[in-house]
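Hi,

Here's the structure I said I'd pass along. Have a look at it first, then read on for what turned up.

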Amino acid sequence: MDDELLTADEVAARLKATPRFVRRLVAERRIAFVKVGRLVRFEASAVTAYIERNRVVPMTRAHLRDYLGEVA
């Protein structure tokens, strides 16, 4: 197994967030996790995938104008 399992505190440190935020991600099933008995652990690749899914790319004014024209 190449992927080490991380604790909620370690994930919070990587995300620069609080452990409470990580627990909320788990409760809302917004991040993949592994149950080891009653413990919750995270694969490093799951944290990376979460970050990539939530990445917001910048838009130019032209793209924004086109997008707003489509939805109006």
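**Loops and their odd phi values**

Lys 16 sits in the loop that links H1 and H2. Bear in mind as you go that this is a predicted model. The phi of Lys 16 is positive, near 55°, and the residue isn't a glycine. That's worth a glance, since most residues other than glycine have a negative phi. Lys 16 is also exposed, at 76% relative accessible area.

There's another one of these further along. Arg 29 comes after H2, in the loop between H2 and E2. Its phi is positive too, near 55°, again in a residue other than glycine. With a relative accessibility of 62%, Arg 29 counts as exposed.

A glycine case turns up in the hairpin of E2 and E3: with 2 residues between the strands, Gly 37 has a positive phi near 65°.

**The sheet**

Three strands make up an open sheet, ordered E1-E3-E2, with antiparallel pairing. Which strands are at the edges? E1 (5-6) and E2 (34-36) are, each with a single partner strand, so each has one side without a neighbour in the sheet.

If you want to check the register, start with E2 and E3 (residues 39-43): they run antiparallel and are joined by 3 bridges. Val 36 is opposite Leu 39 of E3, and Val 34 is opposite Arg 41 of E3. On the E1 side, 2 bridges tie E1 to E3, also antiparallel. There, Leu 6 has Phe 42 of E3 as its bridge partner.

**H1 against H2**

How do the axes of H1 and H2 cross? H1 (residues 8-15) and H2 (residues 19-27) have axes that come within 8 Å and cross at roughly 105°. The two helices are therefore roughly perpendicular to each other. On the H1 side the contact is made by Ala 8, Asp 9, Val 11, Ala 12 and Leu 15, and on the H2 side by Pro 19, Phe 21, Val 22 and Leu 25. Sorted by class, that contact has 8 nonpolar residues, no polar ones and 1 charged.

**Two faces of H2**

The buried residues of H2 are Val 22, Leu 25 and Val 26. Looking down the axis of H2, they fall within an arc of 100°, so they line one face of the helix. If you'd like the textbook background, an α-helix has 3.6 residues a turn, so residues three or four places apart point the same way. Among the elements covering the buried residues of H2 are H1, E3 and H3. Turned away from that buried side is a face with the exposed residues Arg 20, Arg 23 and Ala 27.

**H3 across the strands**

H3 (residues 44-53) lies across E1 and E3, at about 70° to E3. Which of its residues are buried? Ala 44, Ala 46, Val 47 and Tyr 50 are the ones in H3. Seen down the axis of H3, its buried residues fall within an arc of 165°, so here as well they line one face of the helix. What they pack against is E1, H1, H2 and E3.

**Arg 14 and Thr 48**

One last spot to look at is where H1 meets H3. Arg 14 belongs to H1, and Thr 48 belongs to H3. Is Arg 14 buried, exposed or partly exposed? At 45% relative accessibility Arg 14 counts as partly exposed, because the class runs between the buried cut-off of under 20% and the exposed one of over 50%. Thr 48 has 46% relative accessibility, so Thr 48 also counts as partly exposed.

The two residues are 34 apart along the chain, and their C-alpha atoms are separated by 9.7 Å. Arg 14 and Ala 44 are 30 residues apart along the chain, with a C-alpha separation of 9.7 Å. Setting aside neighbours within four places in sequence, Arg 14 is in contact with Leu 6 and Ala 44.

Cheers

Methods: Residues numbered from 1 in each chain as written. Predicted model: local features only at pLDDT ≥ 70, side-chain atom pairs only at ≥ 80, totals over all residues. Heavy atoms only, no water. Axes fitted to C-alpha atoms, helices over the stretch in contact; angles between N-to-C directions. Helix = DSSP H or I, 4+ residues; strand = E, 2+ residues; numbered from the N terminus. Parallel < 35°, antiparallel > 145°, perpendicular 65-115°, else oblique. Contact = heavy atoms within 4.5 Å. Nonpolar A, V, L, I, M, F, W, Y, C, P; charged D, E, K, R; others polar. Pairing = 2+ DSSP bridges. Buried < 20%, exposed > 50% of the residue type's maximum accessible area, 1.4 Å probe, protein only. Arc of directions from axis to C-beta.
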